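Please walk through this protein with me, beginning with its overall build and then turning to what lies inside.

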Amino acid sequence: MVSDTNARCGQCHCGAVRFEAALSDGFNSIRRCTCSYCRMRGAVVVMAEMGGIRILEGEEMLTSYRFHTGAAQHFFCSRCGIYTHHQRRSDQSLYAVNVACLDGVSPFDFFEVPVMDGINHTSDTGKPTRQAGTLRFIPAG
């Protein structure tokens, strides 16, 4: 998988969990979300399709969290607590991957990150997902 240009290696903070992620559309799917959990977590994510994440080491260290409808499953390292990825609620065939866990990538590498309206989730409203705003990173002079 690593030979694919959209494939990236990553890990949690302590290194117990290591993985490969085949990004569906490179970094074009980058986003944040306003739902209660994502808002508190603060992660910037990109998408990988079902089967696009392969745990290389530490699968036994991963634990998961579900809330509200229980459809989305959020994975994090049980040792250091870092969120690595989650199965999306609105599209169960996609995983969102924490860009901060990808080798050589930082959330601050992106000048603009769309912020999706997770408070008014499409699965609750029946309306298309809307962009709530844009997160911008402006480096200090």
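**From fold to core**

The secondary structure of the protein comes to two helices and 10 strands, where helices (H or I, at least four residues) and strands (E, at least two) are DSSP runs numbered from the N terminus. Read from that end, the elements follow the order β-β-β-α-β-β-β-β-β-β-α-β. This is a predicted model, in which local features need pLDDT of at least 70 and side-chain atom pairs count only at pLDDT 80 or more, while totals for chains, interfaces and linings use all residues. Residues are numbered from 1 along each chain as its sequence is written, and side-chain values use heavy atoms, with hydrogens and water left out.

The C-alpha atoms fill a box of roughly 45 × 40 × 30 Å along the principal axes. Of the 141 residues, 40% are buried, meaning under 20% relative accessible area with a 1.4 Å probe and protein chains only.

What does the interior hold? The largest nonpolar core (buried Ala, Val, Leu, Ile, Met, Phe, Trp, Tyr and Cys residues joined through side-chain atoms within 4.5 Å) has 23 residues, and those with the most contacts inside it are Phe19, Ile30, Val46, Ile53, Val97, Val99 and Leu102. Two or more residues of this core come from each of strand S2 (18–27), strand S4 (45–57), strand S6 (73–77) and strand S8 (94–98). A second, separate core of six residues includes Ala43, Val45, Met47 and Tyr83.

Leaving aside residues up to four places away in sequence, Phe19 touches residues including Ile53, Val97 and Leu102, a contact being heavy atoms within 4.5 Å.

Conventions: Buried < 20%, exposed > 50% of the residue type's maximum accessible area, 1.4 Å probe, protein only.
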